[in-house]
Amino acid sequence: MATNLSGLNTEQKVKIIGIDVFSALLAAGCVSPGIAVVDQAVTEYASDKKVNVFRAAFKNLKSVFTQPKVFFGRPTLLYVAIVYSGTYLTANIISSLCDFYNQNPFWLKLGGTTAANMCLGIWKDRIFAQKFSKGPVTKFPLTSWSIFVFRDLVTIGAGFSFPKMLSDYTYKHKIIKNKNTAEKFAQFAVPMSAQLVITPIHLLSLDFYNNKISTPMKRLHTIGEAFVKSTTLRIFRVLCAYGVAGVVNTGLRRSLREIVINRNV
């Protein structure tokens, strides 16, 4: 449900939008290095199965500390930051606009963040593929893109919409008595557990790209072989993207909004 902010004046509403921007940028900045590390390792592994994906991720992570100027100067880090700052900014602004007009933000937020994340994510993934793949970059078949659309719909729901539903439920029914604790629990638990469903969907899409001619049983076997390793990496990735960033964004945004609303600053 929306928070009714229809009674705020114009100056307060402008400040609320400013808080949305600041919270989104800070949240994305906190987690972009970790996401960039995982995305590069996975892209290299997808291109060359001889690559040890965990070793590649550790090598990339180590460069954050051994070569910080090089790591933070990479354009690929900026691309990841753009994806997640754009996604969180979209979610925040839609929520605030719905609050201003006392409307339920669930479907608008789900649709808006899905569109933003998909468009920016596809743009980023194309750049990563061109930069880190050994072979020539080819277009994804329509089947792969369709599966990715479904994957992103579930991903965004697990990252932005469903955590709020779970936190409200656990707090309302006294399962978790502290509201802030309920929010943090949901923001971590929902995106991470959702990877048990999302990872096979992700792997299926990639298999349609890598093996355009295959049988259902072969595809199932391919997904099964890669499930554990891929799920482990994607849980870490989503822990950054929607867990840590979600907590930072939600907590900072809520605290600053309360100052604007309650103190009329």
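A salt bridge, for this talk, is a side-chain nitrogen of Lys or Arg within 4 Å of a carboxyl oxygen of Asp or Glu. By that rule, the count here comes to eight salt bridges. Please keep in mind that this is a predicted model.

I will take three of the pairs, then turn to the empty spaces.

Start with Asp-39 and Arg-237. They form a salt bridge whose closest N and O atoms are 2.6 Å apart. What does this pair tie together? Asp-39 sits in helix H1 and Arg-237 in helix H8, so the bridge links parts that are 198 residues apart in sequence. Buried means under 20% relative accessible area. Asp-39, at 8% relative accessibility, therefore counts as buried. Arg-237 has a relative accessible area of 15%, so Arg-237 is buried as well.

Next, Arg-151 and Asp-152. Their side chains meet in a salt bridge at 2.7 Å, N to O. Are these two buried or exposed? Both are buried.

The third pair is Lys-164 with Asp-168, where the closest N and O atoms of the salt bridge are 2.7 Å apart. Both residues lie in helix H6, four residues apart, which is about one turn of the helix. Lys-164 is partly exposed, with a relative accessible area of 39%. Asp-168 also counts as partly exposed, at 32% relative accessibility. Going back to Asp-39 and Arg-237, salt bridges with shared partners join these two and Lys-124 into one network.

Now the spaces. How many cavities of 30 Å³ or more does a search of the whole structure find? It finds one. The largest cavity holds about 40 Å³ of space. Its lining consists of Ala-36, Val-37, Gln-40, Asn-60, Phe-71, Arg-74, Thr-76 and Leu-77. Two elements give two or more residues to that lining, helix H1 (10-47) and helix H4 (75-100). H1 gives the most, with three residues. By type, the lining residues divide into four nonpolar, three polar and one charged.

Last, the second largest pocket, with about 1000 Å³ of space. Of the 36 residues that line this pocket, those closest to its centre are Lys-109, Lys-164, Glu-183, Thr-250 and Arg-253. Lys-164 is the residue we met in the salt bridge with Asp-168. Helices H4, H5, H6, H7 and H8 are the elements that give two or more residues to the pocket lining. Which helix gives the most? H8 does, with ten residues. The lining here divides into twelve nonpolar, 13 polar and eleven charged residues.

Conventions. Residues numbered from 1 in each chain as written. Predicted model: local features only at pLDDT ≥ 70, side-chain atom pairs only at ≥ 80, totals over all residues. Heavy atoms only, no water. 1 Å grid on protein atoms, 1.4 Å probe; cavity = no way out; pocket = protein on both sides within 12 Å on 5 of 7 lines; lining within 4 Å. Points joined across faces, edges and corners; volume = space filled by probe spheres on them. Nonpolar A, V, L, I, M, F, W, Y, C, P; charged D, E, K, R; others polar. Buried < 20%, exposed > 50% of the residue type's maximum accessible area, 1.4 Å probe, protein only.
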